[in-house]
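Q: Please take a close look at one part of this structure for me: the largest pocket. I would like to hear what lines it and how the strands around it are put together.

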Amino acid sequence: APGTHKAYVTNETSNTVSVISTMTREIVATIPVPLDPHHIRTSRDGRRVYVSEFATNRVAIIDTGTDKMIAEVDATSSTSSRTHSVWITRDRKTLWAASEVTNEVSAIDVATGKLLFEISVPNRPSEVLLALIEHGGGLLHRQRLGDAVRHLGHREHGLLRQLSGAA
């Protein structure tokens, strides 16, 4: 996490996140989190870590000052969804989440934890590659099954274009 001298690593089978000192390369804390922590993203200011919970439709939020889970928010309105990956925008206002099973990419208000909207996408969205909100351009996401990257619009709440043949 920027400015903390710590790295955060998910441990899916033990439902924990390991905190590693980047100075000593030792584990300095182990944070219990809900089911199946998967991908992880740190806010640009280093104050928060967002952890996708692949066995649920939720995202765990960790405070890097205390190394404790401080909140858990819904990534989609569907409880059958599986949150695969997350991305926070540069302005720290929106958290994007790619959710498998229900084939959705969603936007979450960071300040309130409220689900803003969901965008249906085909073929198991896998990664939120890059949030482009700071340029007014939405985000890019990769699908798991097939070779496609999609450009989704934040204001439009939908697909702007598909970039074919991208891996």
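A: A word on the term before we start: a pocket is an open set of grid points with protein on both sides within 12 Å along at least five of seven lines, and its lining residues have an atom within 4 Å of a point. Please also keep in mind that this is a predicted model.

The largest pocket has a volume of about 220 Å³. It is lined by 14 residues, and those closest to its centre are Arg-48, Tyr-50, Ile-61, Val-110 and Ala-111. Sorted by class, the lining is made up of 8 nonpolar, 4 charged and 2 polar residues. Two elements give two or more residues to this lining, namely strand S5 (48-53) and strand S7 (68-74). S7 makes the biggest contribution, with 3 residues.

Let us follow those two strands, beginning with S5. This strand is mostly covered, as 5 of its 6 residues are buried. On one side, S5 pairs with S4 in the antiparallel sense over 4 bridges, and here Thr-42 has Val-49 in S5 as its bridge partner. The hairpin of S4 and S5 has 5 residues between the strands, and Gly-46 in this hairpin takes a positive phi near 80°.

S5 also pairs with S6: the two run antiparallel and are joined by 6 bridges. In this pairing Ser-52 stands opposite Val-59 in S6. The chain passes from S5 to S6 through a hairpin of 4 residues.

From S6 we come to S7, the other strand named for the pocket lining. Strand S6 (residues 58-63) and S7 run antiparallel, with 6 bridges between them. One bridge pair to find on your screen is Ile-62 with Met-69 in S7. The hairpin of S6 and S7 has 4 residues between the strands, and Asp-67 has a positive phi near 55° there.

There is a closed space to look at as well. The model has 1 cavity of 30 Å³ or more, and the largest cavity holds about 30 Å³ of space. Its lining is formed by Tyr-50, Ile-61, Val-73, Leu-95, Ile-108, Asp-109 and Val-110. Tyr-50, Ile-61 and Val-110 are thus names you have already met among the residues closest to the centre of the pocket. By class, the cavity lining has 6 nonpolar residues, 1 charged residue and no polar ones.

Leu-95, one of the cavity-lining residues, gives us a way into the next sheet. Ile-88 stands opposite Leu-95 in S9, and S8 and S9 run antiparallel with 6 bridges joining them. These two strands belong to an open sheet of 4 strands in the order S8-S9-S10-S11, with antiparallel pairing. The edges of this sheet are strand S8 (82-88) and S11, each of which pairs on one side only. From one strand to the next, the twist averages 20°.

This sheet also carries the 1 aromatic pair that the structure holds. The ring centres of Trp-96 and Phe-117 lie 5.8 Å apart with the planes at 80°, so the pair counts as edge-to-face; the cut-off for that label is over 60 degrees. Trp-96 sits in strand S9 (residues 94-100) and Phe-117 in strand S11 (residues 115-120), so the contact ties together parts that are 21 residues apart in sequence. Both partners are covered: Trp-96 is buried at 0% relative accessibility, and Phe-117 is buried with a relative accessible area of 10%.

Finally, two loop residues are worth a look if you follow the chain ahead of S4. Arg-25 has a positive phi of about 60° although it is not a glycine. This residue lies in the loop between strand S2 (16-21) and strand S3 (27-32), and Arg-25 is exposed, with a relative accessible area of 69%. Asp-36 is likewise not a glycine, yet has a positive phi of about 55°. You will find Asp-36 in the loop between S3 and strand S4 (37-42), and S4 leads you back to its pairing with S5.

Key:
Residues are numbered from 1 along each chain as its sequence is written. This is a predicted model: local features need pLDDT of at least 70, side-chain atom pairs count only at pLDDT 80 or more; totals for chains, interfaces and linings use all residues. Side-chain values use heavy atoms; hydrogens and water are left out. Rings of Phe, Tyr and Trp (its six-membered ring) pair if their centres lie within 6.5 Å; planes under 30 degrees apart count as stacked, over 60 as edge-to-face and the rest as tilted. Buried means under 20% relative accessible area, exposed over 50%, partly exposed in between (1.4 Å probe, protein chains only). On a 1 Å grid over the protein atoms alone, a cavity is a set of points where a 1.4 Å probe fits but cannot get out, and a pocket is an open set with protein on both sides within 12 Å along at least five of seven lines; lining residues have an atom within 4 Å of a point. Grid points are joined across faces, edges and corners, and a volume is the space filled by probe spheres set on the points. Ala, Val, Leu, Ile, Met, Phe, Trp, Tyr, Cys and Pro count as nonpolar, Asp, Glu, Lys and Arg as charged, and the others, Gly among them, as polar. Two strands pair if DSSP finds at least two bridges between them. Axes are lines fitted to C-alpha atoms, for helices over the stretch in contact, and angles run from 0 to 180 degrees between N-to-C directions.
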